There are 2 protein chains.
Amino acid sequence: MEVAVAPSLSRRERERLARREAMLDAALSVFAEKGYVGASVDEIAERAEFGKGTIYNYFPDGKDELFLTLFEERVAAGLHRVIESSFDGADLSAPAAARKTFHGFIRLLLHYFEESRGPLLMFMKEGHRTKIAVEQEVQFARHFAGIIDALAAPIEQAVAAGALRPLPAHPVAHVLMGNVRAYLMAEVDADCDSSGTLPPTPFGSADEAAEFLTTVLFDGLLSPDSAPDA
Amino acid sequence: MEVAVAPSLSRRERERLARREAMLDAALSVFAEKGYVGASVDEIAERAEFGKGTIYNYFPDGKDELFLTLFEERVAAGLHRVIESSFDGADLSAPAAARKTFHGFIRLLLHYFEESRGPLLMFMKEGHRTKIAVEQEVQFARHFAGIIDALAAPIEQAVAAGALRPLPAHPVAHVLMGNVRAYLMAEVDADCDSSGTLPPTPFGSADEAAEFLTTVLFDGLLSPDSAPDA
DNA sequence: TCCGCAAGTGACCGGCCAGTCACTTTCCGA
DNA sequence: TCGGAAAGTGACTGGCCGGTCACTTGCGGA
């Protein structure tokens, strides 16, 4: 994961940054593979090719801090980027335009998921983990809330413009993310299934899934020939 | 959790059954409180008022077996009951009737969740846990698939009758469950929030939430005055 | 070249817990 | 009432892992 670094940093600082990133990379791969509990700091250190103690030089609070940092710097930040780039200056004034904008968002989101499968899944599975310090639980909740908020803003806007039904924006945002989560989870089950094929693949490609989710969410499940709601 | 027991069982067998249930009750309360990893067999034994060894008499595979059994006998079975009672002989021939039937299902489901909050949440959080024997992971996946299948049947039927859009039933079932899950998760976050109030309560009561989810899913998010999809 | 310090290291410690098994208690039929 | 089998028990073991800290390494300035 290459990140543009301000050239003002000294070589020492740059190297420190790079080592930090390497540790996060290693932590991410171990977490993604074994989950939070299954991951051991020893293995993270080994995979990063550092001594265990060095990890604690960079992340004094150890495992918890690695986990939270990964969520903040990689996952939450990535989601915010997707939201921002999808809705920045987008047209939400009319139903058709809103549909198109949100369709684009869902597509982008699914593609983002595809390329960051491991980390995303891990946090989908473990983001609401029990047995975590209450203080940290609140941190996670805050991040989730931030993502929901960011997504609620354009929804609110579209509702205000009359493009969407007059529904409360936050619940809608929850539902939107919930659907995407459902897609991801279904993919996981299908994956794990590769050994003993039990259920058929539920969704198609990311693009097809985006189409599908957009239809369900925006057009609704009912046949269009039905009378509008009572 | 009282269960009607066939009177043909001897007292010994009945007592054994009762003890088994007591152990499952205790396990459920501990799992719900601390999650799978945080729960210890010692604590389950203590709460059930049995020695630890006795637990292993009843559940030779220990913690894993308790967890899986709880999921099978309590959660999955409960969900199947909800699905069955909602759709058995229900009218799915026309859009309005289908909407009403599914609305009833969602309502029932949310009420069921309300009364079995702990166990359900626990499995929502931990059902896809990593770091579990592959063999067991498959078992869980199978149960989830079974629930999805059971739900896909009436959807299929409604689609065939022309009441719903011609969408594939399994993905729709996934989405439906995903939405309900989103509702649950949001409730959890709001709960945990009671200490440091960060986000506002997202959904209202169970009935209101059922209304909301039904509207979103069946009528769609777009304003009704929009032209039907291209 | 050499010195001192920042950085890196991994053996070790303490706590935790799943699962075992030799022992005790309870039950029931003779 | 008694004896043996079935059921129950919890101290114990082995393994794991997060976090520590005394030691080593190597870098950069003098």
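In chain A, 65% of the contacts with a separation of 6 or more join residues that are 24 or more positions apart. That is a handy place to start with this model, which is predicted. Chain A has nine helices and zero strands, so to speak an α-α-α-α-α-α-α-α-α run from the N terminus on. Of its 230 residues, 53% are buried.

## Inside chain A

Let's look at the aromatic side chains next. Over all chains, the structure holds 20 aromatic pairs. One of them brings together Phe31(A) and Phe67(A): the ring centres are 5.1 Å apart and the planes stand at 80 degrees, so this pair is edge-to-face. Because Phe31(A) sits in helix α1 of chain A and Phe67(A) in helix α4 (residues 62-87) of chain A, the pair ties together parts that are 36 residues apart in sequence. Both Phe31(A) and Phe67(A) are buried.

These two rings also belong to a wider group. Ring pairs link Phe31(A), Tyr36(A), Phe67(A), Phe71(A), Phe140(A) and Phe144(A) into a cluster.

Another phenylalanine to find in the viewer is Phe123(A), which lies in helix α6 (residues 117-126) of chain A. Is Phe123(A) buried or exposed? Its relative accessible area is 3%, and because buried means under 20%, Phe123(A) counts as buried. Leaving aside neighbours within four places in sequence, Phe123(A) is in contact with Phe67(A), Leu70(A), Phe71(A), Val75(A) and Phe140(A). Among these partners, Phe67(A), Phe71(A) and Phe140(A) are also members of the ring cluster. For a sense of distance, Phe123(A) and Ala76(A) are 47 residues apart in sequence and 10 Å apart in space, C-alpha to C-alpha.

## A helix of chain B

Moving over to chain B, helix α2 (residues 41-48) has several buried residues: Val41(B), Glu43(B), Ile44(B), Ala45(B) and Ala48(B). What covers the buried residues of α2(B)? The cover includes α1 (11-38), α3 (52-58) and α4 (62-87) of chain B. After α2(B) comes Glu49(B), whose phi is positive, near 60 degrees.

## Around DNA strand C

Now to the nucleic acid. DNA strand C is surrounded by 19 residues, and the closest are Gly51(A), Thr54(A), Arg11(B), Val41(B) and Lys52(B). Of the strand C atoms within 4 Å of the protein, 62% belong to sugar or phosphate, and the rest to bases.

Both kinds of target appear among the polar contacts. A polar side-chain atom of Tyr58(A) lies 3.3 Å from a phosphate oxygen of DNA strand C, and an N or O atom in the side chain of Tyr56(B) is 3.2 Å from a phosphate oxygen of that strand. Lys52(B), by contrast, has a polar side-chain atom 2.7 Å from a base oxygen of DNA strand C.

Which elements give two or more residues to the surface near DNA strand C? They are α1 (11-38) and α3 (52-58) of chain A, together with α1, α3 and α4 of chain B. α3(A) gives the most, with five residues. By class, this surface has five nonpolar, six polar and eight charged residues.

Tyr58(A) has a further partner in the protein: the charged end of Arg16(A) sits over the ring of Tyr58(A), 4.0 Å from its centre. In chain B, Arg16(B) lies over the face of Tyr58(B), at 4.0 Å from the ring centre.

## Around DNA strand D

DNA strand D has 18 residues around it, of which Arg11(A), Val41(A), Lys52(A), Gly51(B) and Thr54(B) come nearest. Sugar and phosphate account for 56% of the strand D atoms that come within 4 Å of the protein. The table gives some polar contacts made by backbone atoms.

| Protein residue | Atom of DNA strand D | Distance |
|---|---|---|
| Val41(A), polar backbone atom | phosphate oxygen | 2.8 Å |
| Gly51(B), polar backbone atom | phosphate oxygen | 2.7 Å |
| Gly53(B), polar backbone atom | base nitrogen | 3.3 Å |

At least two residues each of the surface near DNA strand D come from α1, α3 and α4 of chain A and from α1 and α3 of chain B. The largest share, five residues, comes from α3(B). The residues of this surface divide into five nonpolar, six polar and seven charged.

Note on methods
Residues numbered from 1 in each chain as written. Chains lettered and ligands numbered in written order. Predicted model: local features only at pLDDT ≥ 70, side-chain atom pairs only at ≥ 80, totals over all residues. Heavy atoms only, no water. Helix = DSSP H or I, 4+ residues; strand = E, 2+ residues; numbered from the N terminus. Buried < 20%, exposed > 50% of the residue type's maximum accessible area, 1.4 Å probe, protein only. Contact = heavy atoms within 4.5 Å. Near = heavy atom within 4 Å. Polar contact = N/O pair within 3.5 Å; in protein donor to acceptor, adjacent residues only side chain to side chain. Nonpolar A, V, L, I, M, F, W, Y, C, P; charged D, E, K, R; others polar. Phe/Tyr/Trp six-rings, centres within 6.5 Å; stacked < 30°, edge-to-face > 60°. Lys NZ or Arg CZ within 6 Å of the ring centre and 35° of its normal.
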